[in-house]
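Here are a few exercises to help you find your way around a new structure. Try each task yourself before reading on to the solution.

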Amino acid sequence: MKTKIFRETEALLFTMPAVIPLLVFWLGPLGYIFYLSFTDWDFMSPDKLFVGLDNYRYLLGNPEFYQALKVTALFGIGSVIPIMIGGLLLALLMNSKLRTSGIYRAFIFSPWVTPTVAVSIVWSWIFQPDVGYANHVLSWFGIAGIGWLQDSNWALVAILIVTLWKSVGWAMIFYLVALRNLPSDLLEAASMDGAGAWSRFRHITLPLISPTTFFLAVILTIQSLQAYDQINVMTQGGPAGSTRTLLYLYYQSAFEAFNVGEASSVAVVIILICVLLSGCSFLIGRKMVHYQ
Amino acid sequence: MNMTGAGKDTTSYEPVTPGRRRSGSRSNGAAGRRDGTVTRYRLSGGTALRYIMLTVISLLMAFPFYWMVMSGFKTNDEIFRFPPTFWPETFLWSNYVDAWHAAPFARYILNSIGVGAAISLLQIINSSMMAYALTHMRFRLKGLFTGVVLLGYMIPSTAVYLPSYLVLSKLQLLDSYTGLILSNCVSVFSIFLIRQAFMQISHELVEAGQLDGASHFRILWTIITPLARSTFAVMVLITFIEQYNNYFWPMLITKSPDLQLVSAGLRSFFVEGGAYGLKWPQIMAASAFTIAPLLILFLFTQKTIMQSVNMSAGVNKN
């Protein structure tokens with residue numbers, strides 16, 4: 001029996017270095033934020049007044065919340081889908097054994113390793129309305145300059161371009177791996193049977209790489225919910241809230257307006273969305289995805 | 001490419017060996033038809049198209065970096081001219097020197113490297129111990145802990161920054177590296193990654209070690225860890241890059257300029273230093289030397305970094 005107690009203690013010793021920080025900085029705060037969302041606190045006052053569902057009621061009546069919800073959805077769709085399609089197209093383009101594909105791969109992937117803050121600063125210079133390069137390129141085609149980051153119709157588009165630029169190479173690598181693992185005999189057999197390139201892609205390649213597509217969709221969606229750096233540098237949620245996502249609303253009400261209760265209720269909404277998405281992805285993953 | 005095509009034309013009257021033909025005129029369809037090997041040349045045409053498209057895309061992807069470096073050389077006069085000059089008229093090296101001295105960038109970069117290294121080191125230790133316990137030890141709370149780690153994979157830590165901030169302030173660890181490092185010292189992703197590698201290591205090795213009287217601790221560090229070396233390399237690189245680039249959380253909890261990491265430092269130079277809108281060449285120069293260490297790191301560790309993608313796909317399947 002002594003050995004059993006010893007074994008349990010030993011296992012605890014092995015897990016504690018990871019579990020304690022997880023409890024203190026993640027699981028504990030996770031519980032705490034649910035509690036905070038029922039209070040009316042401002043960082044300062046000594047006690048936290050319990051206000052029940054007031055914060056949620058306020059949130060549901062606040063047009064800024066709905067706008068943030070909309071921006072979050074637009075940002076999610078506008079980043080995830082182009083990144084995945086772009087990544088797949090690039091991978092298809094590169095897949096056939098090109099001799100120098102290593103160089104291309106490095107070029108296309110490199111933005112992913114660079115700090116978002118620094119590259120967002122560079123991009124905000126490119127998007128500068130008067131002398132920026134983006135408007136210069138548009139002028140080649142006779143298109144009048146766009147206000148980009150200062151125009152509420154275009155600011156989100158500009159941020160999405162940066163996001164796509166930064167992540168498309170990352171998605172491409174996933175698809176390259178997936179394409180390389182395709183069974184070549186199957187594709188050859190299909191082409192012997194007279195299947196054209198498109199139908200081979202549609203009926204063999206696409207279903208076989210669906211686990212990768214699925215994985216990317218989940219990860220990229222969760223990443224899109226966390227996007228902060230590029231928004232903070234380029235627009236700070238503006239103009240007129242057109243780039244204010246839920247996360248950014250959460251940050252602003254917590255650390256700019258010092259409204260802890262309200263901010264917490266926004267965070268709870270973000271957490272619920274994550275749980276919901278994970279649940280959906282679990283169900284879809286079991287039903288639809290074609291694992292080999 | 002054009003030049004090789006033209007050269008090929010002049011020599012195509014002589015018989016050409018197939019090998020040379022393939023490497024010679026990739027984009028020259030006319031020569032192909034003359035030789036009668038239509039299909040091969042049509043394929044080559046497709047390949048040429050791929051090369052051209054990939055070259056264009058690569059250049060587009062690299063353009064922001066090019067633009068950053070070149071804008072860093074321009075005079076204030078030149079940078080505000082429209083249309084912009086693609087190649088700087090004068091190379092004002094002093095912009096880089098001025099920017100470097102305008103804010104403590106050397107310090108910021110060293111801060112980022114130091115914090116990134118410390119966090120990577122801690123994660124090697126706690127992820128491998130946790131992963132070892134989850135894969136090669138038997139204990140009661142195993143299921144619970146696996147669940148906790150799984151949940152961590154689902155809910156991003158960004159959502160709990162506010163309460164984490166409050167916890168750090170309760171612990172008197174705000175505005176300190178201890179706080180920054182401790183709050184980042186566990187990564188669920190790293191645990192998963194290492195767990196994945198450890199699962200592939202036969203449990204018999206552990207048992208053999210135990211028969212020899214070795215403790216779990218010894219087995220982990222002398223037998224198991226060396227076998228998973230490549231996974232550790234990937235983990236360290238990814239963690240380091242992530243932490244070097246980290247902005248949101250360090251910006252929230254470190255306020256003194258001395259402690260700022262490079263992203264936060266660059267961002268305050270961009271906004272507060274009166275630089276915004278006025279000193280674009282210096283801002284571009286500063287961005288350039290913030291990004292440079294990572295691009296250099298990427299140059300040398302390309303293979304490992306891209307390998308990480310392969311591994312993280314594996315993480316998700318389980």
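Two residues are in contact if their C-beta atoms, placed from the backbone, lie within 7 Å. Keep that in mind, and remember that this is a predicted model.

**Exercise 1. Describe the general build of chain B: its secondary structure, burial and contacts.**

Start with the secondary structure: chain B has 17 helices and 0 strands. Next comes burial, where 39% of the 318 residues of chain B count as buried. Finally, take the contacts in chain B between residues at least 6 apart in sequence: 71% of these join residues at least 24 apart.

**Exercise 2. Work out what chain B brings to its contact with chain A.**

First, the head count: 72 residues come from chain B and 72 residues from chain A. Then look for the main contributor on the chain B side, which is helix α17 (residues 280-317) of chain B, with the largest share at 16 residues. Last, sort the residues on that side by type, and you get 51 nonpolar, 17 polar and 4 charged.

**Exercise 3. Find the residues that touch the most other members of the largest nonpolar core, and see where that core draws its residues from.**

The core has 153 residues, and A:Tyr250, A:Ala267 and A:Ile270 touch the most other members. Helix α7 (residues 155-180) of chain A gives the largest share, 16 residues. Chain B joins in too: at least three residues come from each of its domain 1 (2-71) and domain 2 (98-317). Now zoom in on A:Ile270: leaving out residues up to four places away in sequence, A:Ile270 touches A:Leu225, A:Leu246, A:Leu247, A:Tyr250 and B:Ala159.

**Exercise 4. Decide whether B:Val234 is buried or exposed.**

Locate the residue first: B:Val234 sits in helix α14 (residues 229-245) of chain B. The cut-off for buried is 20 or more other C-beta atoms within 10 Å. B:Val234 has 25, so B:Val234 is buried. Its partners, apart from residues up to four places away in sequence, are B:Leu193, B:Thr304, B:Gln307, B:Ser308 and B:Met311.

**Exercise 5. Check how confident the predictor is about chain B and about the model.**

Begin with the average: chain B has a pLDDT of 82, and 83% of the residues score at least 70. Then go element by element: helix α1 (residues 2-11) of chain B has the lowest mean pLDDT (35), while helix α7 (residues 105-136) of chain B has the highest (94). Over residues 1-42 of chain B, pLDDT stays under 50. The model's own scores finish the job: ipTM 0.90 and pTM 0.86.

How values were computed
Residues are numbered from 1 along each chain as its sequence is written. Chains are lettered from A and ligands numbered from 1 in the order in which they are written. This is a predicted model: local features need pLDDT of at least 70, side-chain atom pairs count only at pLDDT 80 or more; totals for chains, interfaces and linings use all residues. Helices (H or I, at least four residues) and strands (E, at least two) are DSSP runs, numbered from the N terminus. A residue is buried if 20 or more other C-beta atoms lie within 10 Å of its own, exposed if 12 or fewer, and partly exposed in between; C-beta atoms are placed from the backbone. Ala, Val, Leu, Ile, Met, Phe, Trp, Tyr, Cys and Pro count as nonpolar, Asp, Glu, Lys and Arg as charged, and the others, Gly among them, as polar. A nonpolar core is a set of buried Ala, Val, Leu, Ile, Met, Phe, Trp, Tyr and Cys residues joined through C-beta atoms within 7 Å. Domain bounds come from an automatic or database domain assignment. pLDDT is the predictor's confidence in each residue, from 0 to 100.
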